[in-house]
Amino acid sequence: MRKKVLGLACAMMMTAFLTACGISDITGKSSSSGNLSQKELTNPTVSASVVHHPQGNPHKILIAYFTYPENTDAKAIHSDKYDVMSSASLKVKDGVAVGNNTVIADYIANQTGGDLFSILTEKPYPTSYEETVDQGKAEIQNQELPALKSHVDDLSGYDTIILVYPNWWSALPAPVQSFLKETDMSGKQVYAIVTSGGSGFSDTIQNIQQTEPGASVHEGFALHHKDMDKAEEMTQHWLNQMEFTQ
């Protein structure tokens, strides 16, 4: 069920460093696949609808995630100050760029049998890092919610929603806000997992609670970019605590 789009006031920290509160999905340390050429790098194939787990969904979980690389042209994410090949936000495998939040969401789906959903905007974000930083901040500051090209029309088959997202300027990225505005999660258990350069959840839990008053919203865990090499270990530890594994 879609909800009518309403205004949402987002808390901001305008003086924070980019690595702590900026576009936190695309900053970090070096990748182990830095020998790939720019033209070889491609986006993963992403469905504009829910991807159902082939082995079923015993825990009735939907993993909804937002990641910058799936919302722009990964081949062109490059500037003099930012090189896609040296960013921990992108895991490059077989020439495919995969964002941090995709890594976490895929791992959760594989371990739980849950279904996957990528939050995709109709209009791609700029391939320039600096332009995306500016646009992301302006969207939050001006409460501009982008239109989405991916939607979940029916949540009746799910008891649990795991929301995976980056911290953008100490708030939910505007596309995640769009997703929450149009998706009624009343009666669901919602767990938030955030990636950041160091800011953690900031005000994002409150943002989710305000937009989904009928849902039970919980902190999952926060993962900093410097700890991405431990992403699977930390994710597995949380899944074991929650008894979500198959």
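**Pairing, cores and a salt bridge**

Biologist: Which residue in S4 stands opposite Ile63?

Modeller: This is a predicted model, in which local features need pLDDT of at least 70 and side-chain atom pairs count only at pLDDT 80 or more, while totals for chains, interfaces and linings use all residues. Residues are numbered from 1 along each chain as its sequence is written, and side-chain values use heavy atoms, without hydrogens and water. S1 and S4 run parallel and are joined by four bridges; strands (E, at least two residues) and helices (H or I, at least four) are DSSP runs numbered from the N terminus, and two strands pair if DSSP finds at least two bridges between them. Opposite Ile63 in S4 stands Leu116.

Biologist: Which strands stand at the edges of the sheet?

Modeller: The open sheet has five strands with parallel pairing, in the order S4-S1-S5-S6-S7. Each edge strand has a single partner, so one of its sides is left without a neighbour in the sheet. The edge strands are S4 (115-118) and S7 (216-224).

Biologist: How many residues of S5 are buried?

Modeller: Buried means under 20% relative accessible area, exposed over 50% and partly exposed in between (1.4 Å probe, protein chains only). From S5, Thr160, Ile162, Val164 and Pro166 point one way and Ile161, Leu163 and Tyr165 the other way, and all are buried. S5 is largely enclosed by the rest of the structure because the number of its residues that are buried is seven of the seven.

Biologist: What is the handedness of the crossover from S5 to S6?

Modeller: Seven bridges join S5 to S6, which run parallel, and Ile162 stands opposite Tyr191 in S6. Between these strands the chain passes through H4. With the strands pointing away from the viewer, a clockwise path from the first strand over the helix to the second counts as right-handed. This β-α-β crossover is right-handed.

Biologist: Which residues touch the most other members of the largest nonpolar core?

Modeller: A nonpolar core is a set of buried Ala, Val, Leu, Ile, Met, Phe, Trp, Tyr and Cys residues joined through side-chain atoms within 4.5 Å. The largest has 34 residues. Those touching the most other members are Leu163, Tyr165, Phe179 and Ile208.

Biologist: How far apart are the closest N and O atoms of Asp227 and Lys226?

Modeller: A salt bridge needs a side-chain nitrogen of Lys or Arg within 4 Å of a carboxyl oxygen of Asp or Glu, and a search of the whole structure finds one. Asp227 is buried at 16% relative accessibility, whereas Lys226 is exposed at 56%. The closest N and O atoms in this salt bridge are separated by 3.4 Å.
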